[in-house]
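User: I would like to learn how to read a few features in a model of this kind. Please take me through them one at a time.

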Amino acid sequence: MQLATIQEMFLMNKSYSKQIRSLLLIAYFLLSIVSHAQTQVAPRQKIAVFAPLYLDSAFLGSSYRYDKSFPKFLNPGLEFYQGVQWALDSFQKKGAPLEVFIYDSRSSTTHISQQLNNPELKDVQMIIAHANSNDVRILSSEAQRRKIPFISATFPNDAGITANPYLVILNSTLRTHCEAIYQYLQKYHSQDKIILFRKNGSQESQIRDYFSDVAKTTLSTPLKIEFADIGNNFSVTVLENHLDSTRKNVCIAGSLDENFGTNLLEQLSSLNNIYPITMVGMPTWDAFNFTRPEYRNTEIIYTTPFNYNRSGSLSGRLNSLFEETVNSRPTDMFFRGYETMLRFGLLLLDTKKDVASNLTRKGNFIFTQFDIQPVFINKATMALDYFENKKLYFIRYNNGIKSSVN
C-alpha cells in the first residue's frame, strides 16, 4: 500500500466513520514513521511498540475492505494504539527526546521476528506490546538477548517463560489473583463459611492448587476452604447443599469460564434471601454487568490490576476528548495504551540505559498504582524468572453500586 494513496484516502473519505478514518491515519503513520525517524539528529531514547492492528486484513491493496462498517476484532489493538499515540502527543508537546516505532503485530507480510530486525531498532531500549502468548515468547526472548525491558501490557500470563529478568507482566497472573483473594479472605472473612465452586479443567485445577499453595505458606491461620466440584450442569439444589443459613457464605467462582461464572452468580443470587452470600469472582468478571436487578441483593467482589476511574480529572478529560474525536466511549484498552506508554516512557527518559535496573521503582502514577516486583517461581534456586505487577484492586458491587475495597 502506497503512503500517498493512504493519505489521499484519509483526506478524501470524510463519509467514513471516525473509527475507520483513525485506522486510515494509523496506516499512514506506520508507513511514514521510518522516514521520520531517519531525519532525527539529536540522540533519543528509542521504544518499539507492537499492537494487533490487522492493517492487512482491513485493506485490500489501497481499498478498505469493510465499506463503512468497523469489525469488532480491530477495536482492541486500535484503541491501545490510540492511547499510545495520545501519550506520545504529550511527550511531543514537552519536547521529550523520545523516538517511538509502532509495528502491526498481525501483519501478513512481515512477521514480528522480521520487524525486530529492522535497522531502526538496532539500538532500541524498550519494547511495549499488546500481545498474545506467542508474541510474548518472541518479544521476551528478544528483550533478553538485547538486555532491555519488554513491557507486556495486556497478556495475563507468563507464557511459560522462566529465568528472564527483562520480562515485565503488567496484567497480573492468575496465581497473583488467587494469592490476593486468599489474603483478602483472611482479613475480612476468616470466620465465615468459604466454598470454592469449581468444575473439571486444567485452569480450574490451577486455581485450586494456587489456593492450596497459599494455605501451606501463609504466616497466618490457614483458611478452611471447602472445594466443591459441581460440574457445568449444576442446579440450585446442588449449590444449596453446600450453604449454611446460620452464617455468611463466601462463594468463590473457581473458574475463568464466563458462562460458569454467570450461571453460578445467577443461581446463588436467587438463594440470597435464605442464605447470606458474598460472591468472589475471577479477573474475567471485570467484563460482567453487575447492575442487573437479579444481582442487587448480592455482594460481589472481584480483583483487577487496572482501575480506571472515569470521573477522575485526567481520565475524565481523556474520556471526553475521545468521545469527541472518535464518537464512541473508550474502552479500558485505550487507557491501558496511554498509561503504559506514559509511565514507562517517563521511566526510560529518567533512567536511560539503566532502565532495566529500575523496573521496581515507584512513581510516575497515571491511573494505576503499579507494584512491580521480582517473581521467583522456584523457591529452591531463587532464580529471578520475571517481573510482575502485584498491585490488585478489589472491586465491590453492592445494590448495583460500584466501589473499591482497600
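Analyst: We start with the whole chain, then turn to a helix pair, some backbone angles and a strand residue. Keep in mind that this is a predicted model.

User: What does the secondary structure of the protein come to?

Analyst: The protein has 12 helices and 16 strands. Burial adds to that picture: of its 406 residues, 52% count as buried. Contacts say how the chain folds back on itself. Among those between residues at least 6 apart in sequence, 69% join residues at least 24 apart.

User: Now a helix pair. At what angle do helix 4 and helix 12 pack?

Analyst: Helix 4 covers residues 75-93 and helix 12 covers residues 332-351. They pack at an angle of about 40°, and their axes are 7 Å apart. Angles from 35 to 65 degrees fall outside the parallel and perpendicular classes, so helix 4 is oblique to helix 12. The crossing is right-handed.

User: Which residues make the contact?

Analyst: Helix 4 contributes Pro76, Glu79, Phe80, Gln82, Gly83, Val84, Trp86, Ala87, Leu88, Ser90 and Phe91. From helix 12 come Met333, Phe334, Arg336, Gly337, Tyr338, Met341, Leu342, Gly345, Leu346 and Leu349. Sorted by class, the contact holds 14 nonpolar, five polar and two charged residues.

User: How far apart are the end C-alpha atoms of helix 4, and what span should its residues give?

Analyst: The idea is to set the expected rise against the actual ends. With 1.5 Å a residue, the 19 residues of helix 4 should span 27 Å. Its end C-alpha atoms are 27 Å apart, which agrees. Helix 12 passes the same kind of check: its 20 residues should span 28 Å, and its end C-alpha atoms are 28 Å apart.

User: How many residues of each helix are buried?

Analyst: The cut-off for buried is under 20% relative accessible area. In helix 4, 14 of the 19 residues are buried, so this helix is largely enclosed by the rest of the structure. Helix 12 is mostly covered, with 17 of its 20 residues buried.

User: Next, backbone angles. Which residues just after these helices have a positive phi?

Analyst: Look at the residue type along with the sign of phi. Gly95, just after helix 4, takes a positive phi of about 65°. Lys352 follows helix 12, and its phi is positive, near 55°.

User: Where is Asn364 found, and what is its phi?

Analyst: Asn364 is in the loop between helix 12 and strand 13 (372-375). Its phi is near 55°, a positive value in a residue other than glycine. Asn364 has a relative accessible area of 33%, so it is partly exposed.

User: And where does Asn399 lie?

Analyst: Asn399 lies in the loop between strand 15 (393-398) and strand 16 (401-405). Phi of Asn399 is also positive, near 55°. At 41% relative accessibility, Asn399 counts as partly exposed.

User: Last, a strand residue. Is Ala51 buried or exposed?

Analyst: Ala51 belongs to strand 1 (residues 45-51). Its relative accessibility is 1%, so Ala51 counts as buried.

User: What does Ala51 touch, leaving out residues up to four places away in sequence?

Analyst: Ala51 touches Gly77, Phe80, Tyr103, Asp104, Ser105, Arg106 and His130. Phe80 links back to the helix pair, as one of the residues of helix 4 in contact with helix 12. For separation along the chain, take Ile128: Ala51 and Ile128 are 77 residues apart in sequence, yet 8.8 Å apart in space, C-alpha to C-alpha.

Conventions:
Residues numbered from 1 in each chain as written. Predicted model: local features only at pLDDT ≥ 70, side-chain atom pairs only at ≥ 80, totals over all residues. Heavy atoms only, no water. Axes fitted to C-alpha atoms, helices over the stretch in contact; angles between N-to-C directions. Helix = DSSP H or I, 4+ residues; strand = E, 2+ residues; numbered from the N terminus. Parallel < 35°, antiparallel > 145°, perpendicular 65-115°, else oblique. Left-handed = near helix turned anticlockwise from the far one by under 90°. Contact = heavy atoms within 4.5 Å. Nonpolar A, V, L, I, M, F, W, Y, C, P; charged D, E, K, R; others polar. Expected span 1.5 Å × (residues − 1). Buried < 20%, exposed > 50% of the residue type's maximum accessible area, 1.4 Å probe, protein only.
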